[in-house]
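Please examine the structure shown below together with its sequence. The paragraphs that follow lead through selected helices and the segments beside them.

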Amino acid sequence: MSESGSDLDATEHTALMDGHIAEARPDRELAERIARKRKTKSDNQRSYGSVEQIEGGPSGASIAQQPRVPAAPVEPQIEELELKYGARHVIKLFVPVTLCMLVVVATISSINFYSVKDVYLAYTPFHEESPYASTKVWNALANSMILLCVIALMTVLLIVLYKKKCYKTIHGWLILSSLILLFLFSYLYIEEALIAYNIPMDYITLGFVLWNFGVMGMIVIHWKGPLRLQQAYLIFIAALMALVFIKYLPEWTTWAVLAVISIWDLVAVLTPKGPLRILVETAQERNEPIFPALIYSSTVMYCMAAASPAPGAAGERELRPLQPHGTVEGEGRDGTEAGGGEAGFDAAWRERRDEGAAPRRLRVDSAPPRYVTRLDPPHAPHAPPHAPDLDEEKGVKLGLGDFIFYSVLVGKASSYGDWNTTLACFVAILIGLCLTLLLLAILKKALPALPISITFGLIFYFATRSVVKPFADALAAEQVFI
């Protein structure tokens, strides 16, 4: 409080503190909730003016209500939030997808190791060695169905382990996979790159570099680290896995796998009993993030409206004076709670009141709740070891499998040496991803990212390979330039 002159007039500024902590919601729901709260306050006449004590005694009081400013319409807020986050989501997914595909295309173009077919995966027993096209077709279909059964079995096993809360088993599985990718396949990649670019390096230096690279990757993926570094490792892992598929899958089987896996993605996400849908819904019910080794996040933050909560009661509204001299909100200067006794006024104030000091004026400002932008996700009672910290950011998430198969399609197209086909597939995948994000913004639920992009990519590939390439070759032969 501040004293002025002999009459000891004092002014207490208070604010209406909202004790409700909102959960993180999409932008449209957040804007609508804020608008509803403002409308409710306007309807209930929750506008506080100046309250003064009259000379006759403490009981006489006159309340003058000041009109509140009407609530802002919700539509401009929604449009502003959608413009703010919609384009940013697209850009933040276009950049990593583009980088992953560029790494694969550059590797295929400069390192011949990944274009030579000499060894095949154990899941593809038919090697398409027959000269007849019909035999190659059924070999490719058989290989793709076998590989799809393996993927479906592994997915169902992951869902069962997640349902049973076997988090240590899942983490061990993912850590083992990351170890193989970051050490074994990275060693093969670095070795072939050194051979291709004719760079000499001894095994001691190679081992030192590989050890630091692998250990750092394990730390940032499965524990903590800089966000950009984690994203870079996830992109590299996806590119490395795409190169493995291009190298060890037979020729026609690669295209069959792309078509079959897109259909599987559609079924697994959209059907009521789809395994990926069960995984997403279970994670949402438990308020848990999906494992970071499987997901790339754009990390665009959703705003969360939250004000300081009242102790012991959520949603309770009360008037409190601001605490002087930096005392903690919710406590008086003598350590007592602000809500008890004299509602937070100290002993000196009560003594002056009992001695019959000059009347005091209490002015209550009609200020709206003070909102802070922060993330405060609710925690489950029995949170798993990988529960997020309070500062975890949320945004559009894309599975690493989508990165892998996007890169397989573009890398396979680039392996034939036709840049027109490669660019057509690249543009088709980005168009499909943009349409998927548009549907995501409209439907507000998890969607498969493969079907639209892979369908466009396959159509563009075969159309360009069958129509555009012969046309361009004929123009080049006739020396006609358009």
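**A bent helix and a helix pair**

In this predicted model, helix α12 bends by about 45° at T464. The helix comprises the 28 residues 450-477, and at 1.5 Å a residue these should span 40 Å; the C-alpha atoms at its ends lie 38 Å apart, which agrees with that expectation.

T464, the site of the bend, is also one of the buried residues of α12. The others in that set are L450, P451, S453, I454, G457, L458, Y461 and L475. An α-helix has 3.6 residues a turn, so residues three or four places apart point the same way. The elements against which the buried residues of α12 pack are α7 (251-270), α10 (400-414) and α11 (419-443).

Beyond the helix, the reader reaches Q479, which lies in the segment after α12. Its phi is near 55°, a positive value in a residue other than glycine. Q479 has a relative accessible area of 63% and is therefore exposed, the cut-off being over 50%.

A positive phi near 55° is also found at N198, again a residue other than glycine. N198 belongs to the loop that lies between α4 (167-196) and α5 (203-222). Because its relative accessibility is 68%, N198 counts as exposed.

The two helices on either side of this loop may be considered next. Two packed helices are described by the angle between their axes and the distance between the axes. For α4 and α5, the axes come within 10 Å and cross at roughly 150°. Angles over 145 degrees count as roughly antiparallel, and α4 and α5 are therefore roughly antiparallel to each other. The crossing in which α4 passes α5 is right-handed.

Many side chains may be traced along this pair. On the α4 side, the residues that meet α5 are L174, I175, S178, L179, L182, F183, S186, Y187 and I190. Their counterparts in α5 are Y203, L206, L210, W211, F213, G214, V215, G217, M218 and H222.

H222, a residue of helix α5, merits a separate look. At 23% relative accessibility it counts as partly exposed, because buried would require under 20%. Leaving aside neighbours within four places in sequence, H222 is in contact with L174, I175, S178 and A293. Among these, L174, I175 and S178 belong to the α4 residues that meet α5. H222 and F291 are 69 residues apart in sequence, while their C-alpha atoms are 8.7 Å apart in space.

Key:
Residues are numbered from 1 along each chain as its sequence is written. This is a predicted model: local features need pLDDT of at least 70, side-chain atom pairs count only at pLDDT 80 or more; totals for chains, interfaces and linings use all residues. Side-chain values use heavy atoms; hydrogens and water are left out. Helices (H or I, at least four residues) and strands (E, at least two) are DSSP runs, numbered from the N terminus. The expected span of a helix is 1.5 Å times one less than its number of residues. The bend at a residue is the angle between axes fitted to the seven residues ending there and the seven starting there. Buried means under 20% relative accessible area, exposed over 50%, partly exposed in between (1.4 Å probe, protein chains only). Contact means heavy atoms within 4.5 Å. Axes are lines fitted to C-alpha atoms, for helices over the stretch in contact, and angles run from 0 to 180 degrees between N-to-C directions. Angles under 35 degrees count as roughly parallel, over 145 as roughly antiparallel, 65 to 115 as roughly perpendicular and the rest as oblique. A crossing is left-handed if the near helix is turned anticlockwise from the far one by less than a right angle, and right-handed if clockwise.
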